[in-house]
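Okay, thanks for squeezing me in. Let me put the model up, and then I'll walk you through a few spots in it.

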Amino acid sequence: MPFTDHKQLWKDIKSGATADWDVIVIGGGITGAGVLRESVRRGYKSLLIEQQDFAWGSSSRSSKMVHGGLRYLAAGNISLTRHALQEREGLIREAPLLVKRLGYYYPLYKNRFPPPFAASILFWLYDRLAGIRDHRRIGNDELGRVFTELDRSQLNGAFYYTDAVTDDARLTLRVLQESVQVGGSVRNYTRAARLLKERGRVIGLMAEDRETGQEAPLNARVVINATGAWADRLGNAALAGMKIRPQRGSHLILSADKFPVSHAIFLLHPEDGRRLFIYPWEGQTIVGTTDIYHPQDLDIAASMTLVELNYLLTAAQQLFPERPPTRDDVTSTWSGVRPIITSGKSRNPSKASREHKVWVEEGLVSCSGGKLTTFHHMALDVLAGAQKFLPPPTETLNLRIFTSPSATGAEITPEDPEMGERLLGRYGQSAVALMASAPEHERTLIPGTHTFPAQVRWALQHESVLHLDDLMLRRTRLGILLKNGGAEVLDKIKPLCQEILGWDEVKWRQEVKRYREVISSYYAVPDE
Ligand SMILES: Cc1cc2nc3c(=O)[nH]c(=O)nc-3n(C[C@H](O)[C@H](O)[C@H](O)COP(=O)(O)OP(=O)(O)OC[C@H]3O[C@@H](n4cnc5c(N)ncnc54)[C@H](O)[C@@H]3O)c2cc1C
C-alpha cells in the first residue's frame with residue numbers, strides 16, 4: 001500500500017478539494033505518527049504534515065531502545081517506567097523483529113551506587129512491572145565470557161536483564177503506513193508556516209510546500225502540535241511557564257567485524273562516572289550517548305563535536321582495551337535532540353523528567369517530551385485532549401497498534417525465515433508484495449547490511465522518497481551502516497532512482513551533492 005501521493009495531495013489542497021480536515025497533525029516523528037494512527041482509527045479525516053522528511057527529527061536519531069528506563073525507575077518514577085514497560089511488551093508482541101528483545105548487562109562497580117542488594121530490588125521491580133522474569137545476578141567470570149576484554153578488577157559481577165531495541169525511523173514509518181492503509185493522509189516536506197485563528201481559536205494552519213515555497217490554507221476541527229523539540233515555536237500560548245529544553249545526545253557506530261558485541265552493556269564513563277551503553281544494532285556496534293544543552297538552530301540537524309567523539313571513544317576503549325577503537329574505526333555518527341520539558345528549575349538535565357505533557361488550547365492540542373517507547377500512550381492522551389473538538393468516534397477503540405500480517409517469514413524468504421519476519425515487522429503484510437514484486441537479483445542482501453535492494457525499490461515506489469537522503473538515512477539505514485555514507489552502493493541505487501523517480505543525470509548529480517553535504521555535516525566523524 002503506497003503512502004499518500006505527494007503531488008496529487010498538494011494539487012487537491014491547492015484546488016480546495018481537500019482543504020477541510022477533522023484533525024491535522026503537525027510533525028512526522030513518532031509522536032505525530034502515533035496520533036495520526038489513533039485519529040484515523042476513530043474515523044476522523046486526518047492529515048499529517050512534516051516540514052522535512054518523516055522521522056527527520058529525534059525519531060531517526062534516538063538510541064533506538066524500547067525500554068522502561070532503569071534510570072527513571074531508580075529516580076522513583078514508577079508510573080513512567082510501568083507505562084514504558086507495558087508499551088515495550090506490547091510492541092515486542094505485535095512487531096517482534098522490528099522491536100526486538102535484547103539481553104543487557106549492568107555491571108556493578110565496587111564502592112559505587114547501586115550496591116548489589118539495591119540493584120537486585122531494582123531489577124526485580126523492573127521485571128515485575130513488565131510482567132516478565134528475565135533478570136539474574138552473574139559473577140565476574142560469566143561477564144568475562146560475554147565481554148572478553150573487559151577489565152573486571154573494579155567490578156562486583158553484573159545483573160543480566162532484557163529490554164528491546166528497534167529501528168526508530170522504520171518504527172515511525174510503519175505506524176504511518178498503518179495509518180495510510182486505513183485512510184490517513186501524510187505529506188513530508190510540508191511545513192506549518194503559521195496557525196490560523198478566528199476569535200482566539202485555532203481553526204487551521206497555513207501549509208507551505210518546502211520544495212516550491214507555495215502556501216495553502218487548511219482548516220481543521222483540531223490541530224495537533226506534535227513537533228517535539230519545536231513544540232513552543234508555533235505561536236501557541238498554552239506552554240507558557242514551561243520551556244522545551246533541547247538536549248543533544250550523540251552516538252557513534254563501530255564496525256562489528258572489529259568490535260563485535262552480542263549484548264548491550266552499561267559502563268560507567270571513566271572520566272565523569274556517567275552510564276553509557278554499547279550495544280549491537282543492525283549488525284554493527286553502537287556507543288552512546290552524550291547529554292548536552294543544544295542551543296543551536298533546531299532547523300539545522302544536530303551533529304557530534306570532536307569532544308563528544310573522544311568522550312564516546314574513551315568509553316568504548318574500556319570494552320576493547322587490547323585494540324582500543326580510534327576515530328579511524330568509526331563508521332558514522334549521529335546526534336539527536338531530546339525535547340525535555342522543564343520549568344527552568346532543574347540543574348541536571350540527565351535527571352530532568354522524560355514524561356510527556358499535553359497542553360490543550362481552543363482548537364489546538366500540543367504534546368511534547370516523552371519517549372519513543374511511549375508513543376502510543378502519548379497518542380491516547382492527545383486524542384483524549386482533542387475529543388472535545390471532535391464528534392464522537394465512529395470506530396470502537398482497539399488497543400493494538402499494528403495489524404497482524406497473515407504471512408509468515410518462511411513464506412517471504414524461505415531460505416531465511418528470520419529475514420522474512422524482519423520484513424513483516426517493518427512493512428506488515430506489504431512485505432509479501434515487496435519481495436514478490438522484486439526481480440531475483442534484488443533479493444540478495446546488500447553486503448554488510450540486513451537490507452535487500454528490493455527494499456530500496458519499494459521505498460522509491462511507495463514511501464514518498466523526495467531526496468536521496470530520505471532513502472539512505474530513513475527508509476533504509478545504508479547511509480549510517482556503511483562507511484562514507486554508503487558511497488559504494490550509490491552506483492547500484494542510481495538506475496533505480498532513474499527508473500522509478502524519473503531522475504535524469506542532472507537531478508542525480510544534484511541529489512548526490514546534497515546527500516554528501518548531509519553526510520559530511522551531520523553523520524560523519526568530526527574533523528580534528
Ligand atoms: C539522543 C536521543 C536518544 C534517545 N533515546 C531514546 C531511547 O533509546 N528510547 C526511547 O524510548 N526514547 C529515546 N529518545 C527520545 C525519543 O527519541 C523522542 O522522545 C521521540 O523521538 C520524539 O518524537 P517526536 O515525534 O515528539 O519528535 P521528533 O521526532 O523530533 O519529530 C518532530 C517533528 O516535527 C517536525 N516539525 C517541527 N516544526 C514543524 C512545522 N512547523 N511544520 C511541520 N513539521 C514540523 C520536525 O521536523 C520533526 O521531524 C531519545 C532521544 C534522543 C535525542
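**Odd backbone spots, then the ligand and helix packing**

So, start with Pro114, which sits in the loop between strand S4 (99-109) and helix H5 (116-130). Keep in mind throughout that this is a predicted model. The reason I'm pointing at that loop is the peptide bond from Phe113 to Pro114: that bond is cis, with omega near 0°.

There's another cis bond to look at, joining Gly288 and Thr289, with omega at about -5°. Thr289 also belongs to a loop, the one between strand S14 (284-288) and strand S15 (292-293). Just as background for anyone building a restraint set, most peptide bonds are trans, and most residues other than glycine have a negative phi.

That brings me to Tyr189. Tyr189 isn't a glycine, yet its phi is positive, about 50°. You'll find Tyr189 in the loop between strand S7 (185-187) and strand S8 (190-198).

Okay, the ligand. Which residues come nearest to the ligand? There are 34 residues around it, and Thr31, Glu50, Ser59, Met65 and Thr373 come nearest.

Let me go through some polar distances. Thr31 puts a polar side-chain atom 2.6 Å from an oxygen atom of the ligand. Ile30 takes part through its backbone: a polar backbone atom of Ile30 is 3.2 Å from an oxygen atom of the ligand. With Gln51, we're looking at a backbone N or O atom, 3.1 Å from a nitrogen atom of the ligand.

Now, hang on to Ile30 and Thr31, as both turn up again in the packing of helix H2 against helix H9 (residues 375-386). The axes of H2 and H9 are 8 Å apart, and the packing angle is about 55°. At that angle H2 and H9 are therefore oblique to each other, and the crossing is right-handed. From H2, the contact uses Ile30, Thr31, Gly34, Val35, Glu38, Ser39 and Arg41, and from H9 it uses Phe375, His376, Met378, Ala379, Leu380, Val382 and Leu383. Sorted by class, that contact of H2 with H9 comes to 8 nonpolar, 4 polar and 2 charged residues.

H2 (residues 30-41) has another partner, helix H7 (residues 168-181), and here the axes come within 8 Å and cross at roughly 20°. Are H2 and H7 roughly parallel or roughly antiparallel? Angles under 35 degrees count as roughly parallel, so H2 and H7 are roughly parallel to each other. Their crossing is left-handed. On the H2 side we have Ile30, Ala33, Gly34, Leu36, Arg37 and Val40, and those meet Leu171, Thr172, Val175, Leu176, Glu178 and Ser179 in H7. The class split for H2 with H7 is 7 nonpolar, 3 polar and 2 charged. Ile30 appears in this list as well.

Last pair, and then I'll sit down. Helix H16 (residues 490-501) and helix H17 (residues 505-523) have axes that come within 11 Å and cross at roughly 130°. H16 and H17 are therefore oblique to each other, and their crossing is right-handed. H16 brings Leu490, Ile493, Lys494, Cys497 and Gln498 to the contact, while H17 brings Glu505, Trp508, Val512 and Tyr515. By class, we get 6 nonpolar, 1 polar and 2 charged residues for H16 with H17.

And that's my tour. Over to you for questions.

Definitions and conventions
Residues numbered from 1 in each chain as written. Predicted model: local features only at pLDDT ≥ 70, side-chain atom pairs only at ≥ 80, totals over all residues. Heavy atoms only, no water. Axes fitted to C-alpha atoms, helices over the stretch in contact; angles between N-to-C directions. Helix = DSSP H or I, 4+ residues; strand = E, 2+ residues; numbered from the N terminus. Parallel < 35°, antiparallel > 145°, perpendicular 65-115°, else oblique. Left-handed = near helix turned anticlockwise from the far one by under 90°. Contact = heavy atoms within 4.5 Å. Nonpolar A, V, L, I, M, F, W, Y, C, P; charged D, E, K, R; others polar. Near = heavy atom within 4 Å. Polar contact = N/O pair within 3.5 Å; in protein donor to acceptor, adjacent residues only side chain to side chain.
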